[in-house]
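Please open the model in the viewer and keep the selection panel at hand. The stops below proceed from one selection to the next, with a description of what is found at each.

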Amino acid sequence: MNEAEVIQVFKDSGAILEGHFILSSGLRSPLFIQKARVFMYPDRTEKLCRALAEKVRAARLGPIDLVVSPAVGGIVPGYETARQLGVPAVW
């Protein structure tokens with residue numbers, strides 16, 4: 001997937017919000033990405049995580065033994081990326 005295709009998945013999911021947001025850093029932004037709106041859809045999650053797994057494989061980083069993701073927001077994409085790589089997932 002290229003950048004435009006990824007952005008389109010987020011747009012199709014209603015995950016790109018426009019307005020006035022104060023980020024946890026204190027900075028302000030006119031855009032906010034609510035990734036949970038993408039990960040509600042298994043087909044979209046699979047598509048994004050398959051593309052990520054392909055990039056990981058293409059980087060030839062060596063054998064991947066495990067995918068570790070942060071709870072709570074990273075559990076779904078971590079699991080699906082691990083599934084695409086054929087390795088266990090933990091959080």
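**The largest pocket**

Begin by selecting the three helices α1 (3-12), α2 (42-58) and α3 (75-85), each of which supplies at least two residues to the lining of the largest pocket. The model is a predicted one. Colour α2 separately, since that helix gives the most to this lining, with five residues.

Next, display the lining itself as sticks: M1, V6, F10, F39, L48, C49, A51, L52, K55, P77 and T81. By residue class, the lining of the largest pocket comprises nine nonpolar residues, one polar and one charged. The charged member is K55 and the polar one is T81. The space in the largest pocket amounts to about 170 Å³. As background to such a display, rolling a probe the size of a water molecule over the atoms shows where empty space is left.

**The start of α1**

Move to N2, in the segment before α1. What does N2 do at the N-terminal end of α1? The residue caps that end, with a side-chain oxygen placed 3.1 Å from the backbone nitrogen of A4. N2 counts as partly exposed because its relative accessibility is 42%. Now add A51, one of the residues that line the largest pocket. N2 and A51 stand 49 residues apart in sequence, yet their C-alpha atoms are 9.0 Å apart in space.

Follow α1 to its other end and select G14. Just after the helix, G14 adopts a positive phi of about 70°.

**The loop between β1 and β2**

Select S25, which belongs to the loop between β1 (16-22) and β2 (28-33). Is S25 buried or exposed? With a relative accessible area of 55%, S25 is exposed. Its side chain reaches the backbone nitrogen of L27 at 3.2 Å.

Keep L27 selected and add D43, a residue of helix α2. Sixteen residues of sequence lie between the two positions as counted by number, and a C-alpha to C-alpha distance of 33 Å separates D43 from L27. D43 is classed as exposed because its relative accessibility is 53%.

**Y41 and R44**

Select Y41 and R44 together. The charged end of R44 is placed over the ring of Y41, at 4.2 Å from the ring centre. A search for pairs between aromatic rings in the structure returns one.

**Backbone geometry after α2**

For the next two selections, a general point is useful: most residues other than glycine have a negative phi, and most peptide bonds are trans.

Which residue other than glycine has a phi near 50°? Select R60, where this positive value occurs. R60 is located in the loop between α2 and β3. At 76% relative accessibility, R60 counts as exposed.

Then centre the view on A71 and V72, which are joined by a cis peptide bond with omega of about -10°. V72 is situated in the loop between β3 (67-68) and α3.

**Within α3**

Continue to E80, in helix α3. E80 is classed as buried because its relative accessibility is 9%, below the 20% limit for that class. Add Q84 to the selection: the side chains of E80 and Q84 are joined by a polar contact of 2.7 Å.

**The final strand position**

Select A89, which is found in strand β4 (residues 89-90). A89 is partly exposed, with a relative accessible area of 29%. Now include V9 and draw the distance between the C-alpha atoms: A89 and V9 are 80 residues apart along the chain and separated by 24 Å.

**The whole chain**

Finally, clear the selections and return to the full cartoon. The protein contains three helices and four strands. In sequence order, these elements follow the pattern α-β-β-α-β-α-β. Along the principal axes, the C-alpha atoms fill a box of roughly 45 × 25 × 25 Å. If the 91 residues are coloured by accessibility, the buried ones make up 26% of them.

Notes:
Residues numbered from 1 in each chain as written. Heavy atoms only, no water. 1 Å grid on protein atoms, 1.4 Å probe; cavity = no way out; pocket = protein on both sides within 12 Å on 5 of 7 lines; lining within 4 Å. Points joined across faces, edges and corners; volume = space filled by probe spheres on them. Polar contact = N/O pair within 3.5 Å; in protein donor to acceptor, adjacent residues only side chain to side chain. Phe/Tyr/Trp six-rings, centres within 6.5 Å; stacked < 30°, edge-to-face > 60°. Lys NZ or Arg CZ within 6 Å of the ring centre and 35° of its normal. Buried < 20%, exposed > 50% of the residue type's maximum accessible area, 1.4 Å probe, protein only.
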